[in-house]
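Subject: A structure for you to explore

Hello,

Here is the structure I promised to pass on to you. Have a look around it first, and then read my notes underneath.

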Amino acid sequence: MTGRRTVLLLALLALACGRKSSSSTEPTKDAVVALNGAGATFPFPLYSKWMAEYNRLQPNVRINYQSIGSGGGIRQIVAQTVDFGASDAPMRPSEAEGAPGKITHVPTAIGSVVVTYNLEGSSAPLKLTPDALAAIFLGDAKKWNDPRITEHNPGVAFPDEDIAVVYRSDGSGTTAVFTEYLAAVSPAWKEKVGAGKSVKWPVGLGAKGNEGVAGQVKTTPGTIGYIELAYATQTKLPTAAIRNKAGNFVLPSPEAATAAAEGVEMPDTLHASLVDAEGEKAYPIASYTYLLVYEDMKNPEKAQTLARFLWWAIHDGQKYAKQLDYAPLPPKVVSRIEAKLKTLTVGGKPALGGV
Amino acid sequence: MEKYARRKLLDRVVRGACVLATVVALVPLGSVLYYVFVRGIGGIDLAFFTELPKPVGEEGGGMANAIVGTIKLVGLACLMGIPPGVLAGVYLAEFGNSRLGRIVRFSADVMSGVPSITVGLFVYALVVMTTKQFSAWAGGIALAILMLPTVTRSTEELLKLVPESLREAALGLGVPKWRATLRVMLRTAAPGIAVGIMLAVARVAGETAPLLFTAFNNRFWSSSLNEPTASLPVNIYTYAVSPYEDWHDQAWAAALVLLVMVLVLNISARLLVRHRVKAR
Amino acid sequence: MASDSNAHLPLVRSRSRVLTHLGADGNWGDFLFRRTTALFALAIVVLIAAMAIEMTRESEESIARFGLDFVFGRVWDPVRQVFGALPFIFGTVVSSLLALTIAVPISLGIAIYLSELAPGWARTVLGFLVELLAAVPSVVYGLWGIFVLAPWLRETVQPALGATLGFLPLFQGPALGFGMLAGGIVLAIMITPTISSVSREVLRAVPMPLREGALALGATRWEMVRTAVLPYSKSGLVGATILGLGRALGETMAITMVIGNRAEISASLFAPGYTMASVIANEFTEATEEIYLAALAQIGLLLFVITVLLNIVARLLVWRVGRLPQGGRL
């Protein structure tokens, strides 16, 4: 009996090892380069497309990206358990402290944080003012038929039901962007809650990742939450039109995000805030999203592969942005990033070989 | 009502309540099995077992890497958890009446009650932070630690059940003590120990929390054991809390596969126990 | 010397001089055998100690900064770096107590039924099915909880409870499906097999003469159980309950998926909550500052200490009545 079982166990192990090597489709001439990255859920739809496409173009390059939240991306890159991180919120100085080297931000696309909701009987997108938003998320506006909401939405039959707020339970760049916006437009919010990747929400339910919030809003009537535009499109959730600084109610879209980026100058640090941007057509809650890489890396093969991938991402990769509802990078930003990528080194030598 | 009739009625009522309690407890089991089967079976096709996950928004794809990943992680856990566990169990059975023996037994019992997430935390601090890598090894170590107390106590209990007369016969023939224990006692207890191991494996195959910070996850094949590895339980969790319908379907399908694996192990283990008991 | 007495046995190899060092073991084989197995046995002790030490080390910064306030602090604010564990302790305790409230009567009923009242075939089949409840992985319960239990609670149970018992603060608030009630129910399902199987063993350990005596005096089955079996096994049953409680406290995945993940103390069962295990699972990979990490590690340490203590108490109680079923993990 024991003998047979041992044989069975060994056979299973052998099968597992065999599967590992025989079912991979890469040609054996190039060694497989596997990169691991983790971070923001905000750009995950775009990154998952990029990684799959890049793997199709370069079958020996496998870039494994796990969306665990911007906080996670920052923490893991600082701890060096991943090769690159991703975050929508730029790293704070206190966060960069623990890192053994300088980490650079590489903007990859522009996304929009949208306010989504599950409300029966509303077909047209809701119009929400900054005051209404702050009131809802502060818990001051408790029901859907609150005047701050009904005022700008004539013709919509709002039920006398409680609003169930959904927020991010994990450390999130999306939260950072959204709370930054609320702090910018509402002094009450700024004082009571503040801005950051993980804040103490006055009311609501926590869900993990953009995926979790979208999932929660989709399945529970009466909820309202904030997610990245791509998630709303893919799950067919409605998005609210927010009144921007110029006074117009703007729906989130790649064009509106680009309009927001137009007025903002990109500094040398390569990170900039786009919330409450100027511009007639600007969407007020847009944000750059960044990949975080060490300026000086250790492994030559990985460094070169990563640098090449980043170069591809800011050029060829951009064509996938729009179809997934992200705005592509403005051309002047792309040239700034190009210059930065050329300064990435591995052990002193430039990482980006002739591209 | 006459006193005796009242007592009889009470007896009936309580009996009924107990039966009801049993039925109530089994309703969720039925519900889980039903839903996992009904919602999962639709997602089970060849693609599920052979393809890698597709990017968000694209139809299709599968969980081939997660299935293999689970097998790998469980295999590693067995490799690292069974030999030490069995040997520790042998120690407890043979020499366990010492102070050390009592401390070991106590520690094993304590360890079996430690929440699996705490074990994940520990392995993250010890292995992932130092190797600067999420890996299948780290995941395997976490699972091995979870298996260890069960395997140890199981081995100890079963060795103790083997009649002393067998050992005495071997010793009488001049076989050294260590040989007698290994070749005679352990071999006799082996089927029972194997059953205990199967149950431990079934439990560990379904663990998610410790893998979250050790094996992490992977959307591709892991080409070595030093890389993050996909696994069925972690995928079920990730896909379940996502907003995508087809990911939900895949989560149910993965749950079906996992449940079948775990139940097969569990049921075979119990049938073997019955078989052994009958054969004695 | 041992070598002399064994000299006539060809199978026993002996080294005369070294034997004095080997003591009770007659030969190299036994010596190595004992030491090797002892090494692995010791490894278990070392592992547990290492876990305790490592977690204490990781939480040092948090312990130093917050001290006892950590346990009583109601605020968990990563932005302002103020960490208090009370909401999680509350969430863990309430969800576990709710689970016990549901699971203990049911488990006791199952245990009594299967050990005293059921016919032979039912005993095997039903006992087996109840054990199967324990075989289902936690994440599968979570999946079922999200898509089956929570919608059922949201659409059927919570509105009904709110309409009838809504005057109690326990049943107030919006019906979200997710929340403390869902968490408690899922936990109850998961700990029922633990409590019932240990209780069964405890009840079985009651000596036959006690039972027969009661029956001989004309007691009905239930009266026999009530007067002879239960009082005898009381401490064991309490032990079984505590074991179930320990299991509930440490449960992570299923409860994280249905409890709502909100660090708030609320009187209502409909409200979302947060448990110690859930906050670690959700926030550990992303705690960016050292103090944040230390605070989470401290919660892990608290959880570790509580479950260890409960485990010890439970086992002492159960051992008193009868032997535990084999294998460490129940």
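Let me begin with Q80 of chain A: this residue has 15 C-beta neighbours inside 10 Å, so Q80(A) counts as partly exposed. To find Q80(A), go to the loop between α3 (70-78) and β3 (84-87) of chain A. Its backbone deserves a look too, as Q80(A) has a positive phi of about 65° although it is not a glycine.

Please keep in mind that this is a predicted model. For the complex, the predictor gives an ipTM of 0.89 and a pTM of 0.84.

**Chain A**

Chain A has 14 helices and 14 strands. How does its radius of gyration fit with a compact globule? A compact globule of 355 residues would have a value near 20 Å, and the 22 Å of chain A agrees with that. Taken along the principal axes, the C-alpha atoms of chain A fill a box of roughly 70 × 60 × 35 Å. Of its 355 residues, 52% count as buried. If you take the contacts in chain A with a separation of 6 or more, 71% of them are between residues 24 or more positions apart.

There is a sheet in chain A that makes a good exercise. Three strands form this open sheet, in the order β5-β9-β10, and the pairing is mixed. Which strands stand at the edges? They are β5 (127-128) and β10 (249-250) of chain A; each has a single partner strand, so one side of each is left without a neighbour in the sheet. Strand β9 (residues 241-243) of chain A is joined to β10(A) by two bridges, and these two strands run antiparallel. To see one bridge for yourself, start at R243(A), whose bridge partner in β10(A) is F249(A). As background, strands of a sheet pair through backbone hydrogen bonds, either parallel or antiparallel.

**Chain B**

Chain B has 11 helices and zero strands, so you will be following one helix after another here. Is the chain compact or spread out? The radius of gyration of chain B is 23 Å, well over the 19 Å that the globule rule gives for 280 residues, so chain B is more spread out than a compact globule. Along its principal axes, the C-alpha trace of chain B spans about 75 × 70 × 35 Å. Among the 280 residues of chain B, 59% count as buried. Residues 24 or more positions apart make up 73% of the contacts in chain B with a separation of 6 or more.

**Chain C**

Chain C is divided into domain 1 (2-58) and domain 2 (60-322). Their centres, taken over C-alpha atoms, are 42 Å apart. Where the two domains of chain C touch, domain 1 gives five residues and domain 2 gives six. On the domain 1 side of that contact there are two nonpolar residues, one polar and two charged.

One residue to visit in chain C is N261(C), in the loop between α11 (253-258) and α12 (276-283). Is N261(C) buried or exposed? N261(C) is buried, as 29 other C-beta atoms lie within 10 Å. Its phi is near 50°, a positive value in a residue other than glycine.

On confidence, the mean pLDDT of chain C is 83, and 88% of its residues reach 70 or more. One stretch calls for some care: pLDDT stays under 50 over residues 323-330 of chain C, for which the model has 29 contacts beyond four places in sequence. Where pLDDT is low, the predicted coordinates should not be read in detail.

**Where the chains meet**

How many residues does each chain bring to the contact between chains C and B? Chain C brings 76 residues and chain B brings 82. Helix α3 (residues 28-66) of chain C gives the most to the chain C side, with 18 residues. By class, that side of chain C has 48 nonpolar, 20 polar and eight charged residues.

Chain C also touches chain A, in a contact that takes 19 residues from chain C and 25 residues from chain A. The chain C side of this contact divides into eight nonpolar, six polar and five charged residues.

Enjoy looking around, and write back with any questions.

Best wishes

Methods
Residues are numbered from 1 along each chain as its sequence is written. Chains are lettered from A and ligands numbered from 1 in the order in which they are written. This is a predicted model: local features need pLDDT of at least 70, side-chain atom pairs count only at pLDDT 80 or more; totals for chains, interfaces and linings use all residues. Two residues are in contact if their C-beta atoms, placed from the backbone, lie within 7 Å. Helices (H or I, at least four residues) and strands (E, at least two) are DSSP runs, numbered from the N terminus. Ala, Val, Leu, Ile, Met, Phe, Trp, Tyr, Cys and Pro count as nonpolar, Asp, Glu, Lys and Arg as charged, and the others, Gly among them, as polar. A residue is buried if 20 or more other C-beta atoms lie within 10 Å of its own, exposed if 12 or fewer, and partly exposed in between; C-beta atoms are placed from the backbone. Two strands pair if DSSP finds at least two bridges between them. pLDDT is the predictor's confidence in each residue, from 0 to 100. Domain bounds come from an automatic or database domain assignment. The radius of gyration is taken over C-alpha atoms; the globule rule is 2.2 Å times the number of residues to the power 0.38.
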